[in-house]
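Thanks for coming. I will take a few minutes to go through one model, and you can follow along on the screen.

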Amino acid sequence: EDDSQAQMARPGLVGETLGNYRIVREIGRGGMGIVYEAEEQSLGRSVALKVLPRLGTLNPKQLARFKTEARAAAKLCHPHIVPVYAVGVEDEIHFYTMRLVDGKSLAQFIDQQLDEQESPDGQRMPRESEYFRKVAKWGVQAANALAHAHSCGVLHRDVKPANLIVDHDGHLWVTDFGLARLEGDSAVTVSGDLVGTFRYMSPEQALARRILIDHRSDVYSLAVTLYELVTLQPAFNGQHRLELLRQIAFDDPIPPRRLRRDVPIELETILLKAMEKDPARRYATAQELAEDFQRFLDRRPIKAKRASVLERTTKWAVRHPALVWATTISVAFILIILAASIAIVGHAYTVAEAERKRAEVNLRIARQVIDATYSQRIRALQNEPGMTREQRQSLMQLVAFYKGMPQEELSDPALQ
């Protein structure tokens, strides 16, 4: 559809005047309002104007969040945060204006990369190292912007590709503080609600426990966004809400280098540290994340260290205690069965060995009986009157055979 058709399908304020602003076109809309391009008539400049529709004012929570967004953005002054110019209410429509950034969001950039990376045979083409340096550069800019917001007591809580805009000069801007939390705002100090975009929210947000959500949640969400830029696929791809939230809370992301062998190992290490499930294991601040990205760009050693096999195993065990206990019980049961089997086999061997020795004793006794009786009788028969030469020769062969028997091993199974 062209712009005119889209506007007809989604009626709004296009063409109208709101106070000092003449609305030119709709840029986008979401759960927290609609953004227009507008002309600030008194200054003759183009601005981005975000409004909360009249229907939204009927919801006290939504109106409070809109006012919080305006307050949060207005108190920030940073070269990578879209600045707010004015806040107002006109004809019961709440709005605020900000700088109009001419560029594309990282969400649009990812879609473009996916289109460009497909070769004619459907295989993704390898990317040059300069692409990863560009991602790291944006990481520095975004992390520095978030560090400034955190120092001013503002937590973004909705960092994602759609809320990071890159202008035509490659300059990144953080925008949309619609879910921001201000320091000291008791109404939104702890989390008990799912706040944010599912795919990019931190594990502590996904679990929706009533615990403090701090600046390290933004560090995680930025890392998940950059992970998707690097790999061109989401860190977690659950198709349903509950599946996705479970993955975020309990599953480790696939290391980027398993998906793309051309990803620099240092960049992978930075991202995985920032995406740790436990906030205490992430970068302590967004500033520390920015500094490690800068070390990567400067080709200096980064501070993040790759997790060892033992550390990864320990973290997995902590996150899956039920499975660990089930596995432990199963292994213990197998060991008990194995020990019992060994004991049974050992007992059977002992019994068999005793029987063998008993057979040897019986054999010796039998030989002694034969020696004491039959051997003497055979010798007596040799001189028995009336025996023919052939009978005497057969008897001598039998004596010779008997004399040869002691040379056999008594342990020979055939004798037992």
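**Two sheets, a pocket and a cavity**

I will start with the smaller topic on my list, an open sheet built from three strands in the order 7-9-10, with antiparallel pairing. At its edges are strand 7, residues 103–105, and strand 10, residues 172–174, and each of these pairs on one side only. On average, and ignoring direction, neighbouring strands of this sheet are turned by 30° against each other.

Before going further, a word on what we are looking at. This is a predicted model. Its average pLDDT is 84, and 81% of the residues score at least 70. Two stretches need a warning. Over residues 1–10 the pLDDT stays under 50, and the model gives that stretch five contacts beyond four places in sequence. The pLDDT is also below 50 over residues 187–192, although this stretch has 16 contacts in the model beyond near neighbours in sequence. Where pLDDT is low, the predicted coordinates should not be read in detail.

As for the protein overall, there are 416 residues, and 39% of them count as buried. The secondary structure comes to 15 helices and 13 strands. If you take the contacts between residues at least 6 apart in sequence, 60% of them join residues at least 24 apart.

Back to the three-stranded sheet. Strand 9, residues 164–167, pairs with strand 7 in the antiparallel sense over three bridges. Within that pairing, Gly 103 is opposite Asp 167 of strand 9. Which helices go with this sheet? Helix 5, residues 129–151, packs on it and touches strand 9 and strand 10, with a direction about 30° from that of strand 10. Helix 4, residues 106–117, lies across strand 7, strand 9 and strand 10, and runs at about 85° to strand 7.

Now the other sheet. It is open, has six strands in the order 1-2-3-4-6-5, and its pairing is antiparallel. Why do strand 1 and strand 5 each have one side without a neighbour in the sheet? Strand 1, residues 17–18, and strand 5, residues 84–90, stand at the edges and each has a single partner strand, so one side of each is left free of a neighbour in the sheet. Helix 3, residues 60–74, packs on this sheet; it touches strand 4, strand 5 and strand 6, and its direction makes about 25° with that of strand 6.

Let me stay with strand 3, residues 33–40. Is strand 3 mostly covered or mostly open? Seven of its eight residues are buried. Strand 3 pairs with strand 2, residues 21–30, in the antiparallel sense over eight bridges. One of the bridge pairs there is Tyr 21 with Glu 40. Strand 3 also pairs with strand 4, residues 45–52, again antiparallel, over seven bridges. Here Tyr 36 has Leu 49 of strand 4 as its bridge partner, and Ile 34 stands opposite Val 51. The hairpin of strand 3 and strand 4 has four residues between the strands, and in it Gly 44 takes a positive phi near 65°.

Next, the empty space. The largest pocket holds about 890 Å³. It is lined by 33 residues, and the closest to its centre are Ile 27, Gly 28, Val 35, Ala 162 and Ile 165. Two or more lining residues come from each of strand 2, strand 3, strand 4, strand 6, strand 7 and helix 4. Which element gives the largest share of that lining? Strand 2 does, with five residues.

The cavity is a separate item. The structure holds one cavity of 30 Å³ or more, and the volume of the largest cavity is about 40 Å³. Its lining consists of Glu 69, Ala 73, Val 82, Val 84, Tyr 96, Met 98, Thr 175, Asp 176 and Phe 177. Helix 3 and strand 6 are the elements that give two or more residues to this lining.

To close, three things to keep in view. Strand 3 is mostly buried and pairs with strand 2 as well as with strand 4. The largest pocket takes its largest lining share from strand 2. Residues 1–10 have pLDDT under 50, and residues 187–192 have pLDDT below 50.

Terms used. Residues numbered from 1 in each chain as written. Predicted model: local features only at pLDDT ≥ 70, side-chain atom pairs only at ≥ 80, totals over all residues. Heavy atoms only, no water. Buried < 20%, exposed > 50% of the residue type's maximum accessible area, 1.4 Å probe, protein only. Pairing = 2+ DSSP bridges. pLDDT = per-residue confidence, 0-100. Contact = heavy atoms within 4.5 Å. Axes fitted to C-alpha atoms, helices over the stretch in contact; angles between N-to-C directions. 1 Å grid on protein atoms, 1.4 Å probe; cavity = no way out; pocket = protein on both sides within 12 Å on 5 of 7 lines; lining within 4 Å. Points joined across faces, edges and corners; volume = space filled by probe spheres on them.
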